[in-house]
Amino acid sequence: MKSDVYYFTARTNNHEESLSKVKGPLALENIGFNSKVNNGDKVVIKTHFGALENVRYLRPCYIRFLCDHVKTLGGVPYVAESCGWGAPEEITGIHTEYSGRAGEEEYLEVAKMHGFTEDTMGAKLLMLDGRVGINNIKHSINGKRFNEVLVAGRLKEFDHMVLATHFKGHAGAGFGGALKNLGIGCVSKGGKVQAHMGKKFEFDFNAPISDYETCLKICPTNALREGPDGKLIRDEKKCRYCYMCKSVCKNNVIDTGSSTQEEFIIQMVDNAAGVVDYYGKNKIYYLNYVIDVTWQCDCTGGSDVPFVSDIGILSSLDPVAVDQSAVDLIHLSFMNPHSILGDIGNISKEKPNEWFSYTPRFDPETHELDLNSNGKESKHWEVQLRAAEDIGLGSRDYNLIEVNIESKKKN
Ligand code: SF4
């Protein structure tokens, strides 16, 4: 069955057509949000504050106007993210590649630098998986690779969730949209690690305890301790699967395995299915902001120039349809010759073209970033959409309904 997707163009001629104040709230209204919010309902707006040094994340004003809209309906807005990989600097005192997003304290500093504060949002900010990413709920699913997902624990505090997603590329997932915001953004720190690596979590219990010293110190739940024989013991009941121990493991005594790009995508989609199943399909509203479409995700410090022009906002109750429609509109767009796609050889630069088949990706052998200068095709974007449809998250078939603000004003 086809799902409805509402489309609001990024083109604006005056403030009455503003993408932030007018079209964002209207995109929610069109998917029935307004009539669902009761007085005092808590509404969490899940977005991405952007990694340190990233400059292509969603501008804070887009989210602020959504918060204001929630208030006009009598709801109480909250703006949320979740903790990134690794151990926060407040615990380790060490600056690593994960620094800046590993815990609430440091991530809210980055958020402040990027313009997201309680003052600018008019709403409280929080990490859905708690202060250091260990607040999670194990939710059972019948996934393709996972039968249990670590859903971000604070989700249960909210009556509704608006998934306000910056739609862009992603070297691992093929693209980053609503599905990724669910499958990576709405799981705990450990859920992110599991999506990327799989579920392997093995200790070399025969290694001398001196090799475990850092891991022992880092564990936020005291799940690790030295046993009577001088070997390491992990208490399964206490472990919150944050993998902070792994992130500081210098001696390779903890092995969390690795996954191929396809496995990562399927695992991410399993996570997304777990989040939706746990939280409730009818309580989630999807907004894709298809603007600043770079090949990189907001979770990297790199922010290349967009490879297509801004497209606008897409809204739907179906995460697969909203992502499929964004991909399709991008593939119908003119390519920016001054972007990464202009540098790539052996591809037609004419539209339409499946641009996401040519954006940089991780090399399947080395897991290193491949800028794809020789123009090899890779359809990982389609793997993601197909997996999401297969698992029942939604439909790739949709009705695109363009909403014209001018005609709305006349009615
Ligand atoms: S033992 Fe478990 S709770 Fe402790 S740091 Fe490792 S993954 Fe986290």
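## Two domains and a mixed sheet

In this predicted model, the C-alpha centres of domain 1 and domain 2 sit 33 Å apart. Domain 1 is made of two stretches, 3-196 and 259-410, while domain 2 covers 202-255. Where they touch, domain 1 puts in 14 residues and domain 2 puts in 10 residues. On the domain 1 side, α3 (89-92) and α7 (189-197) each give two or more residues, and α7 has the largest share, with three residues. That side of domain 1 breaks down into eight nonpolar residues, five polar and one charged.

Now for the sheet. Eight strands line up in the order β4-β3-β2-β7-β12-β13-β1-β16, forming an open sheet with mixed pairing. β4 (124-127) and β16 (398-402) are at the edges with a single partner strand each, so one side of each has no neighbour in the sheet. From one strand to the next, the twist averages 25°.

Let's zoom in on one pair: β1 (residues 3-9) and β13 (residues 312-316) run antiparallel and are joined by four bridges. Y6 has S315 in β13 as its bridge partner.

Two helices go with these strands:

| Helix | Strands it touches or lies across | Angle |
|---|---|---|
| α1 (residues 19-30) | touches β1, β7 (160-166), β12 (284-290) and β13 | about 20° with β13 |
| α2 (residues 60-72) | lies across β2 (42-46), β3 (76-81), β7 and β12 | about 150° to β3 |

Finally, there's a ligand. It has 13 residues around it, and the closest are C219, A223, C239, C242 and C245. The shell around the ligand splits into 10 nonpolar residues, one polar and two charged.

Technical notes
Residues are numbered from 1 along each chain as its sequence is written. This is a predicted model: local features need pLDDT of at least 70, side-chain atom pairs count only at pLDDT 80 or more; totals for chains, interfaces and linings use all residues. Domain bounds come from an automatic or database domain assignment. Two residues are in contact if their C-beta atoms, placed from the backbone, lie within 7 Å. Ala, Val, Leu, Ile, Met, Phe, Trp, Tyr, Cys and Pro count as nonpolar, Asp, Glu, Lys and Arg as charged, and the others, Gly among them, as polar. A residue is near a molecule or strand if its C-beta atom, placed from the backbone, lies within 6 Å of it. Two strands pair if DSSP finds at least two bridges between them. Axes are lines fitted to C-alpha atoms, for helices over the stretch in contact, and angles run from 0 to 180 degrees between N-to-C directions.
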